[in-house]
Amino acid sequence: MPRGIPENKDAKYAKQGDITVGGIVVDQGQEIEPILASEGLSTIAAEEAFMNEILEVEIQSTGDENAPPNGVLTVNGRSQPWIRDTPIKMRRMFVEMLARCKETKYTPQEPDFRNPEPTNVPKGRTAFVLPFAVLHDPNPKGRAWLAAIKAEPA
């Protein structure tokens, strides 16, 4: 069942898992996803513990005068405020979000009148939306994990 505002907001039509406030359905709940014993509950718990480890990170300032000086990251309903150029302790799941936030800007090539076809292919430059540095990662596997995420295409 998809989350979102239901079409019929009357609470008498609410299904199990829907969120109601004052007799009005405000949000449709999601069905609980079962975890099979064959998937290995210990593997899932270890991955969750890894993603909740605390890292020390610094979000660096940029030359963009329109870049915000601070903000809030939100993952799975949990929020983490940040301020540029200040060491911040945050969970690994927020660092993953920073590493996946990439932006690609395209610039056109200069025309070559001898061969006009290549001028139709713009050149792209990909950079992080919020450039950051990990100052301290207590897990020895953390560096390889972050390098793998940064290497993924935008």
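## Overall layout

In this protein, residues 24 or more positions apart make up 55% of the contacts that have a separation of 6 or more. The model you are looking at is predicted, so please read what follows as a description of that model.

Three helices and nine strands make up the secondary structure. If you walk along the sequence, the pattern reads β-β-α-β-β-β-β-α-β-β-β-α. The protein has 154 residues, and 23% of them count as buried.

## Helix 2, a mostly covered element

Helix 2 is a good place to begin a tour. Residues 92-100 form this helix, and seven of its nine residues are buried. Those buried residues are Arg92, Met93, Phe94, Val95, Glu96, Leu98 and Ala99. Charged residues are among them: Arg92 and Glu96 are both on the buried list.

Arg92 also has an aromatic partner. Arg92 lies over the face of Phe50, at 4.0 Å from the ring centre.

## Aromatic pairs

How many aromatic pairs does a search of the whole structure find? There are two. One is formed by Phe50 and Trp145: their ring centres are 5.7 Å apart and their planes stand at 85 degrees, and because planes over 60 degrees apart count as edge-to-face, this pair is edge-to-face. The pair joins distant parts of the chain, with Phe50 in helix 1 and Trp145 in helix 3 (residues 142-151), 95 residues apart. Phe50 and Trp145 are both buried.

The other pair is Phe128 with Phe132. Here the ring centres are 5.9 Å apart and the planes are at 70 degrees, so this pair is edge-to-face. Are the two partners buried or partly exposed? Phe128 has a relative accessible area of 29%, so Phe128 is partly exposed. Phe132, with a relative accessible area of 8%, is buried because that value falls under 20%. Phe132 has a charged neighbour as well: the charged end of Lys150 sits over the Phe132 ring, 4.9 Å from its centre.

## The largest pocket

The largest pocket has a volume of about 290 Å³. Its lining is made of 14 residues, and those closest to the centre are Asp64, Glu103, Lys105, Phe128 and Val129. Phe128 therefore appears twice in this report, as a partner of Phe132 in an edge-to-face pair and as one of the residues closest to the centre of this pocket.

Which elements give two or more residues to this lining? They are strand 7 (102-107) and strand 8 (123-128). Strand 8 provides the largest share, with four residues. By class, the lining contains seven nonpolar, two polar and five charged residues.

## The second largest pocket

Next comes a pocket with a volume of about 180 Å³, the second largest. Its lining consists of Ile44, Glu47, Glu48, Met51, Asn52, Val75, Asn76, Met93 and Glu96. Four of these residues are nonpolar, two are polar and three are charged.

Helix 1 (41-51) and helix 2 (92-100) each contribute at least two residues to the lining. The largest share, four residues, belongs to helix 1. Met93 and Glu96, which line this pocket, are also among the buried residues of helix 2. Helix 1 also holds Phe50, the partner of Trp145 in helix 3.

Note on methods
Residues numbered from 1 in each chain as written. Predicted model: local features only at pLDDT ≥ 70, side-chain atom pairs only at ≥ 80, totals over all residues. Heavy atoms only, no water. 1 Å grid on protein atoms, 1.4 Å probe; cavity = no way out; pocket = protein on both sides within 12 Å on 5 of 7 lines; lining within 4 Å. Points joined across faces, edges and corners; volume = space filled by probe spheres on them. Nonpolar A, V, L, I, M, F, W, Y, C, P; charged D, E, K, R; others polar. Phe/Tyr/Trp six-rings, centres within 6.5 Å; stacked < 30°, edge-to-face > 60°. Buried < 20%, exposed > 50% of the residue type's maximum accessible area, 1.4 Å probe, protein only. Lys NZ or Arg CZ within 6 Å of the ring centre and 35° of its normal. Contact = heavy atoms within 4.5 Å.
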